[in-house]
Each structure stands twice: as C-alpha cells, then as structure tokens.
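Here's a quick tour of two spots worth pulling up in your viewer. Have the sequence and the model side by side as you read.

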Amino acid sequence: MIGLCMGLAGAVWAQLPLPAFTLAWTHTIEKIRWEEDYRVTPSGLLLGEARIKGTGAGMEVPDGAVLRDGSWHYQNQVPPLQPLRVGRTPEAGDYQLCYDQRCHALSEWLGPPKASQPALELWSCSVSADGLAGHTVNGYPAYAGTAR
C-alpha cells in the first residue's frame with residue numbers, strides 16, 4: 001500500500017496510509033492561511049490545487065488564479081516531489097497536515113519546531129498493513145527507522 005512518510009535527518013517518524021493530504025500553514029508576516037493539496041503517488045507527491053486566503057508580501061496571486069469562497073485557487077505544474085522539504089521554525093508557527101476532514105499540527109508527530117531543526121521531509125512510501133510494530137500516533141502507524 002502506498003502512503004505518506006514523514007521524517008527528519010534520515011529517520012522515519014511516521015507512516016500514514018493516505019492517498020492524499022493538504023499541507024496548510026499561516027504566512028508569518030501577513031497571517032494569511034495558505035493550503036496545498038497533494039496526491040500520494042509511487043513517483044512522489046503530486047501537487048494539485050493550492051489556495052491563498054489573501055495577498056500581501058511574498059503572496060502574489062499567480063496568473064490564472066480564481067477567487068472562490070474567499071480564497072484564491074490556482075494550480076502550479078510541477079513534477080512529483082520526492083521528497084517535499086518543509087522548514088519549521090518557532091517564529092513561523094507550525095504546519096498542519098490535513099486528511100480525513102481534520103487538520104493536525106506536525107508537532108503532534110514531531111514535537112514543536114526548533115530553531116536548529118533540519119527540514120522535515122515528506123515522501124511517498126510503501127506502508128505496511130501489519131501495524132508497524134504496534135506504535136501509533138493519532139491512530140496511524142508511527143516508528144523511528146531509516147528513511148527511503
């Protein structure tokens with residue numbers, strides 16, 4: 001089964017049996033929510049639609065974006081990301097991983113962001129259906145191991 005793996009510095013911290021997810025965060029200066037939808041594929045994480053709730057410094061709306069339900073919706077054509085690197089800092093707040101109609105702060109799996117922390121990596125991976133040694137986070141398999 002294909003799923004999402006998360007890790008830091010080459011160690012797997014969680015494996016989630018997800019076909020898709022949304023990565024969300026709040027812009028550090030403008031305090032505006034940003035969301036990106038990803039599909040988990042064997043070749044990597046495929047970016048679909050993205051949304052911004054407003055504009056401001058470093059948040060220009062791309063050409064072709066459509067204002068709908070209070071957010072600018074758009075799509076970027078990029079190859080699958082394998083891995084997707086996410087920088088987490090105490091000043092910026094935390095990212096949210098949204099799936100099954102709920103959002104979860106990445107700190108639920110990794111603890112709060114730290115200034116000296118390496119970038120978090122997200123990638124598509126094979127997820128074992130046997131429970132991965134019985135460790136779970138939010139009901140999903142989680143363990144420390146070797147990345148990719």
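## The β4–β5 pairing

Start with strand β5, residues 44–52, which runs antiparallel to β4 and is joined to it by seven bridges. To get from β4 to β5, the chain goes through a hairpin with two residues in between. If you want a landmark on this pairing, look for Glu35, which sits opposite Arg51 in β5. Keep in mind that this is a predicted model.

## The other partner, β3

Strand β4 (residues 33–41) also pairs with β3 (residues 20–26): seven bridges again, and antiparallel again. Here the landmark is a pair of tryptophans, with Trp25 standing opposite Trp34 in β4.

These two strands make a hairpin as well, this one with six residues between them. In its turn you'll find Lys31, which has a positive phi of about 60°.

## Arg88 in its loop

Now jump along to the loop between β8 (84–86) and β9 (96–99), where Arg88 is placed. Is Arg88 buried or exposed? Its relative accessibility is 4%, so Arg88 counts as buried, the cut-off being under 20%.

What does the side chain of Arg88 reach? One target is the backbone oxygen of Gly111, at 2.9 Å. The Arg88 side chain also makes a polar contact with the side chain of Asp94, at 3.0 Å. Leaving out residues up to four places away in sequence, Arg88 touches a list of residues that includes Tyr95, Leu106, Leu110, Pro112, Pro113 and Leu120. Also among them are Ser107, Lys114 and Gln117.

Technical notes. Residues are numbered from 1 along each chain as its sequence is written. This is a predicted model: local features need pLDDT of at least 70, side-chain atom pairs count only at pLDDT 80 or more; totals for chains, interfaces and linings use all residues. Side-chain values use heavy atoms; hydrogens and water are left out. Two strands pair if DSSP finds at least two bridges between them. Helices (H or I, at least four residues) and strands (E, at least two) are DSSP runs, numbered from the N terminus. Buried means under 20% relative accessible area, exposed over 50%, partly exposed in between (1.4 Å probe, protein chains only). A polar contact is a pair of N or O atoms within 3.5 Å; within protein, one must be able to donate a hydrogen and the other to accept it, and residues adjacent in sequence count only if both atoms are side-chain atoms. Contact means heavy atoms within 4.5 Å.
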